[in-house]
Amino acid sequence: MDEDELSLWKKAGSISARARDLGASMIEEGVTYDEVATTVEDFIRDQGAEVAFPANIALNDVAAHYTPRPGDRDRFNYGDLVKIDVGAHIDGRIGDTALTVEVGSNTYGELIKAAKRSLESAIEVIRGGISLSTIGSIVERTMNEMGFKPIVNLTGHSIERFNLHAGLSVPNYDDRSRDYIPPDTIVAVEPFATTGVGEVKSWKRSNIFRYVRPRGHLKEDQKEVLEVLKRESRHLPFSERWLSRYIENPEKALRGLVRAGSVYSYPILRETSGGMVAQWEHTLYVTERGCRVLTY
Ligand code: MN
Ligand code: MN
């Protein structure tokens with residue numbers, strides 16, 4: 001990748017990091033999820049980037065894929081364990097980063113540290129040519145030493161332009177894979193540590209969506225929504241908050257499109273045994289000799 005191209009990835013990473021920290025700083029008892037998500041996404045646009053995916057706010061045993069609906073009144077409570085996962089993009093160059101905070105209490109400090117430390121351990125060794133299972137085993141060992149388990153069916157991923165999950169999966173345990181990370185690759189590494197059995201399952205539909213294709217007999221308002229999605233979302237995940245920037249009250253049409261299979265709704269992912277979950281994530285540029293963290 002040449003310097004000009006890399007500098008755009010760096011810029012997207014840096015905006016994502018600042019958006020993440022801004023969101024995290026707002027998470028307090030009584031604040032609504034919607035205020036945090038909206039502020040984070042507005043910040044990304046103010047910085048001259050686009051929102052790569054809806055700000056994910058996942059509580060307690062929910063690991064991922066929750067974002068508030070517009071005007072959602074749910075508020076953070078004392079003791080909540082909150083993952084905030086955000087992404088900005090600059091013409092498709094995506095930054096993806098997450099961290100975990102606790103609301104007021106200090107019950108899960110060690111769990112949070114396990115997620116953070118295992119990511120740091122991975123960053124220390126990662127370089128072009130390293131096997132994916134080596135990364136996974138370092139994450140797993142770091143968590144086990146602290147008394148927690150990694151979530152085995154959630155992974156990091158390579159990123160390409162306009163492609164958030166570009167084909168390479170970075171495991172959070174030793175999956176025995178012989179595949180390796182080629183140099184000159186952008187990857188997001190995202191360990192999830194849990195007090196539970198170490199697995200997530202799909203729960204109900206979330207408010208995070210993705211364009212699929214026109215299917216079935218569509219009404220006029222549904223066609224209009226699909227047109228906007230095809231033109232504007234660039235196949236990246238979106239929310240109702242985002243869609244309502246283009247279309248007034250998109251809710252009904254959106255539900256219809258999900259039912260018809262024209263729009264996919266990501267399921268909310270919960271820890272199978274109800275264990276608490278902490279996550280930490282950075283986007284890295286992997287070189288021959290090491291890596292550069294783009295989302296510090
Ligand atoms: Mn993420
Ligand atoms: Mn990710």
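How many of the residues of strand 8 are buried? Select that strand before anything else in this predicted model: five of its five residues are buried, so that the element is mostly covered. Colouring the two faces separately shows that Thr-185, Val-187 and Val-189 on one side are buried, and that Ile-186 and Ala-188 on the other side are buried as well.

Next, add the neighbours of strand 8 to the selection. Strand 6 pairs with strand 8 in the antiparallel sense over three bridges, and within this pairing Ser-158 can be found opposite Val-187. Strand 14 also pairs with strand 8 in the antiparallel sense, here over five bridges, and if you pick Thr-185 you will find that its bridge partner in strand 14 is Val-286.

From these strands, move to the metal site and select the manganese ion that is ligand 2. Its protein donors are Asp-96 through OD, His-157 through NE2, Glu-190 through OE and Glu-281 through OE, at distances of 2.1 to 2.2 Å. Along the chain these donors follow the spacing D-x60-H-x32-E-x90-E. Two of them, His-157 in strand 6 (residues 156-159) and Glu-190 in the loop between strand 8 (185-189) and strand 9 (192-194), link distant parts of the chain, being 33 residues apart. Are these two donors buried or exposed? His-157 has a relative accessibility of 2% and therefore counts as buried, and Glu-190, with a relative accessible area of 7%, is buried too, because the cut-off for that class is under 20%.

Now bring in the other manganese ion, ligand 1, which lies 3.2 Å from ligand 2, with Asp-96 coordinating both ions. The protein donors of ligand 1 are two OD entries of Asp-85, together with Asp-96 (OD) and Glu-281 (OE), and they lie 2.1 to 2.3 Å from the ion. Their spacing along the chain reads D-x10-D-x184-E. Asp-96 belongs to strand 4 (residues 93-102), whereas Glu-281 sits in the loop between strand 13 (277-279) and strand 14 (282-286), so this pair ties together parts that are 185 residues apart in sequence. Both Asp-96 and Glu-281 are buried.

Leave the ions and display the aromatic side chains, among which the structure holds six aromatic pairs. In the pair of Tyr-33 and Tyr-66, the ring centres are 6.2 Å apart and the planes stand at 90°, so the arrangement is edge-to-face. Tyr-33 is in helix 2 (residues 33-46) and Tyr-66 in the loop between strand 2 (62-64) and strand 3 (81-90), and this pair, 33 residues apart, links distant parts of the chain. Both Tyr-33 and Tyr-66 are buried.

Another pair to select is Tyr-264 with Tyr-266, whose ring centres are 5.0 Å apart and whose planes meet at 70°, so that this pair is likewise edge-to-face. Here the accessibility is divided: Tyr-264 is partly exposed, with a relative accessible area of 33%, whereas Tyr-266, at 15%, is buried. Then select Phe-209, Phe-238, Trp-242 and Tyr-246 together, since ring pairs link these residues into a cluster.

The tour ends with charged side chains over rings. Lys-204 lies over the face of Trp-203, at 4.4 Å from the ring centre, and Arg-234 lies over the face of Phe-162, at 3.9 Å from the ring centre.

Key. Residues are numbered from 1 along each chain as its sequence is written. Chains are lettered from A and ligands numbered from 1 in the order in which they are written. This is a predicted model: local features need pLDDT of at least 70, side-chain atom pairs count only at pLDDT 80 or more; totals for chains, interfaces and linings use all residues. Side-chain values use heavy atoms; hydrogens and water are left out. Donors are N, O and S atoms within 2.8 Å of the metal (3.2 Å for Na, K and Ca); water is not among the atoms, so sites may look incomplete. Helices (H or I, at least four residues) and strands (E, at least two) are DSSP runs, numbered from the N terminus. Buried means under 20% relative accessible area, exposed over 50%, partly exposed in between (1.4 Å probe, protein chains only). Two strands pair if DSSP finds at least two bridges between them. Rings of Phe, Tyr and Trp (its six-membered ring) pair if their centres lie within 6.5 Å; planes under 30 degrees apart count as stacked, over 60 as edge-to-face and the rest as tilted. A charge sits over a ring if NZ of Lys or CZ of Arg is within 6 Å of the ring centre and within 35 degrees of the ring normal.
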